[in-house]
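Here's a quick walk through one protein chain, written for someone who'd rather look at contacts and burial than read a long preamble. Have the viewer open as you go.

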Amino acid sequence: METIAYIPSPSRGVIHLGPIPLRGYAFCIIIGVFVAVWLGNKRWVARGGKVGTVADIAVWAVPFGLVGGRLYHVITDYELYFSEGRDWVDAFKVWQGGLGIWGAIALGAVGAWIGCRRRGIPLPAWADALAPGIAFAQAIGRWGNWFNQELYGRETHLPWALHITSSTDGRVPGYYHPTFLYESLWCVGVGFLVIWADRRFKLGHGRAFALYVASYCVGRGWIEYMRVDDAHHFLGLRLNDWTAMIVFILAVTYFVISAKKRPGREEVVEPDVSDGGTDGDDEPTAKEEPETDEPEASEAEEDAPETEDADVDLKKDEPESAKKS
């Protein structure tokens, strides 16, 4: 059966600008991070936070997330780097693909916790502001797999089939389900779902983030089931399927318990500058009253009675003729 329409794969995933390699996978990750920070900043400011706080904390969260994502991938697919005939140095070549979202979120949360603690900000509130942005970042990042011709599904002849042309690392050229595209579209839907639910129900205390996690796990479950790349299996399911189910249960449990114990949304997400805190500069952020040359109210009040008494005394000293006239 011939495939009359399909999604072509790029002939290469890197362009060399002189000696500098520009890799499509890295560009997708970077663009995704910028989108997440930009949208997260808008949502944070709308909830009463300061401009730039999201970016400041992302400086901690992003590096931790990249390390966590790579560690998860290397640990769960260790045979790709440490088995016979493999070079363990490849474990550090992040640009070749291989970032596990589970490890990225877990260790990224540690970095975010450090950043939030340094600023005196509750981590759940920050995570709520960033939640839809993370989903959109994942949607963009999945296109990095398209550049690398990886993470595709079973063979198909549907009009949107992905045409794999590379034969490296055991790939078989042909037409396959574009699972990278399925997950990208699913993440876009998750992002809009979180935005809508947050506006409709005023989610707070980490529940918007929990909704993002649970919704993503649902999609990741059925998409993971379609993939044909090598993976560890337990009881007939891929490792990431089990991870998705466990994380889904944890996210839903947190959502329910949080809604009962801490209903509503945080009124204050970031300490006010008027509390005497500082933004990291030497100058205090507390507002100071402008100085004026006008006399204080108490002094003016003290002068007023003296003037009235003086008038009374003058009238007493007036001659009788003046009083009669």
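What follows goes from the chain as a whole to its cores, two helices and a few residues.

Keep in mind that this is a predicted model. The chain has 325 residues, and 38% of them count as buried. Its secondary structure adds up to eleven helices and seven strands. If you look at contacts with a separation of 6 or more, 70% are between residues 24 or more positions apart. The accessible surface is about 19800 Å², with 62% of that belonging to carbon and sulfur atoms.

Now the cores. In soluble globular proteins, nonpolar side chains tend to be buried together. Here, the largest nonpolar core has 35 residues. Within this core, Trp 44, Trp 102, Trp 126, Val 194 and Tyr 212 have the most contacts. Seven helices are worth colouring in: α1 (24-46), α2 (53-76), α4 (101-119), α5 (123-141), α7, α8 (207-226) and α9 (239-261) each put at least two residues into this core. The biggest giver is α5, with eight residues. There's also a second, separate core of eight residues, including Leu 162, Tyr 176, Phe 180 and Leu 181.

Which residues does Tyr 212 touch, not counting those up to four places away in sequence? They are Ile 105, Ala 131, Ile 134, Ala 135, Gln 138, Val 190 and Val 194.

Two of the helices can be put side by side, and each spans close to what's expected at 1.5 Å a residue.

| Helix | Residues | First to last C-alpha | Expected |
|---|---|---|---|
| α7 | 23 residues | 32 Å | 33 Å |
| α8 | 20 residues | 29 Å | 28 Å |

Helix α7 covers residues 179-201. Just after α7, Lys 202 takes a positive phi of about 50 degrees. As for α8, 15 of its 20 residues are buried, so the rest of the structure largely encloses this helix.

Val 188 sits in helix α7. With a relative accessibility of 30%, Val 188 counts as partly exposed. Neighbours within four places in sequence aside, Val 188 is in contact with Phe 136 and Ala 139. The C-alpha atoms of Val 188 and Gly 133 are separated by 9.6 Å, and these two residues are 55 residues apart along the chain.

Then there's Asn 240, which lies in helix α9. Is Asn 240 buried or exposed? At 14% relative accessibility, Asn 240 counts as buried, because the cut-off for that is under 20%. Its side chain makes a polar contact of 2.9 Å with the side chain of Tyr 72. Leaving out residues up to four places away in sequence, Asn 240 touches Tyr 72, Trp 102, Arg 220 and Glu 224. One of these, Trp 102, came up above among the residues with the most contacts inside the largest nonpolar core.

Last, the cysteines. How many disulfides does a search of the whole structure find? It finds zero disulfides. Cys 116 is buried, with a relative accessible area of 1%. Cys 187 is buried too, and its relative accessible area is 1%.

Definitions and conventions
Residues are numbered from 1 along each chain as its sequence is written. This is a predicted model: local features need pLDDT of at least 70, side-chain atom pairs count only at pLDDT 80 or more; totals for chains, interfaces and linings use all residues. Side-chain values use heavy atoms; hydrogens and water are left out. A disulfide is a pair of cysteine sulfur atoms within 2.5 Å. Buried means under 20% relative accessible area, exposed over 50%, partly exposed in between (1.4 Å probe, protein chains only). Helices (H or I, at least four residues) and strands (E, at least two) are DSSP runs, numbered from the N terminus. The expected span of a helix is 1.5 Å times one less than its number of residues. A nonpolar core is a set of buried Ala, Val, Leu, Ile, Met, Phe, Trp, Tyr and Cys residues joined through side-chain atoms within 4.5 Å. Contact means heavy atoms within 4.5 Å. A polar contact is a pair of N or O atoms within 3.5 Å; within protein, one must be able to donate a hydrogen and the other to accept it, and residues adjacent in sequence count only if both atoms are side-chain atoms. Accessible areas come from the Shrake-Rupley method with a 1.4 Å probe; for residues, only the protein chains shown count as cover.
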